[in-house]
Amino acid sequence: INYYFDEIDQYDNNYNENLIISNMIINALKLEKKLYYFFGFLVVVISCFMLFQVNVQFLKEKMHQISLISSLGLSRIRISIILLIYNLSFITVMSLIGLLLTNVTIFLYIKYNIFSFIYNSLPFNIIYIDFINHETILIILIINFITLLSTIMPIYIINKNTYVKF
């Protein structure tokens, strides 16, 4: 097999242009990924704000029962820890269920072509979400941190603004 390097040199200029275009496409896809993360976190922040409102309402409605439990000997810190553990476990389980449902929709698309109206418009191949991945674990930790803030704040607000301390 003989290779003629003169012919390769004449296409070298096009190859460099394609590299630039390829790098631009890769950078655009990275930007698109960051935008998806931003909108996903925006949804998480709105959901945590809703959780904040639900927690405030829950604590206002249950203030009598909480003060009764407090008078029976359960400290304010333990009540707060119980509420924190409950909310963090609830959000972690719901996040994992969300990831599982995403993988189910991807499976239905790949196997039965069911969600083709969503996935056909994406400019990249659809792959399953790994549960043990640094990005997935980081997202779940950030969601739990935001949930932690949305749980601590109602306890502080209710405790500060009411006469019944728990």
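A pocket, as I use the word here, is an open set of grid points with protein on both sides within 12 Å along at least five of seven lines. The model is a predicted one, so please keep that in mind.

I start with the pocket. The largest pocket in this model has a volume of about 1400 Å³. Its lining is made up of 36 residues, and those closest to the centre are Tyr37, Leu99, Thr102, Ile129 and Ile139. Three elements each give two or more residues to that lining: helix H1, spanning 5–61, helix H3, spanning 76–112, and helix H5, spanning 134–161. Helix H1 gives the most, with 13 residues. By residue class, the lining of the largest pocket splits into 22 nonpolar, 9 polar and 5 charged.

Next, the surface. Which residues form a nonpolar patch there? They are Leu31, Leu35, Phe38, Phe39, Leu42, Ile46 and Met50, and together they have about 700 Å² of accessible area. Met50, one of these, is placed in helix H1.

Last, the aromatic rings. A pair of rings is described by the distance of the centres and the angle of the planes. Searching the whole structure gives 6 aromatic pairs. One involves Phe49 and Phe52: the ring centres are 6.3 Å apart and the planes are at 25 degrees, so this pair counts as stacked, the cut-off being under 30 degrees. Both Phe49 and Phe52 belong to helix H1, where they are 3 residues apart, about one turn of the helix.

That is what I have on the pocket, the patch and the rings.

Conventions. Residues numbered from 1 in each chain as written. Predicted model: local features only at pLDDT ≥ 70, side-chain atom pairs only at ≥ 80, totals over all residues. Heavy atoms only, no water. 1 Å grid on protein atoms, 1.4 Å probe; cavity = no way out; pocket = protein on both sides within 12 Å on 5 of 7 lines; lining within 4 Å. Points joined across faces, edges and corners; volume = space filled by probe spheres on them. Helix = DSSP H or I, 4+ residues; strand = E, 2+ residues; numbered from the N terminus. Nonpolar A, V, L, I, M, F, W, Y, C, P; charged D, E, K, R; others polar. Patch = residues over 30% accessible without salt bridge, like charges linked within 9 Å, V, L, I, M, F, W, Y side chains within 5 Å. Areas by Shrake-Rupley, 256 points an atom, 1.4 Å probe, with all protein chains shown as cover. Salt bridge = Lys/Arg side-chain N within 4 Å of Asp/Glu carboxyl O. Phe/Tyr/Trp six-rings, centres within 6.5 Å; stacked < 30°, edge-to-face > 60°.
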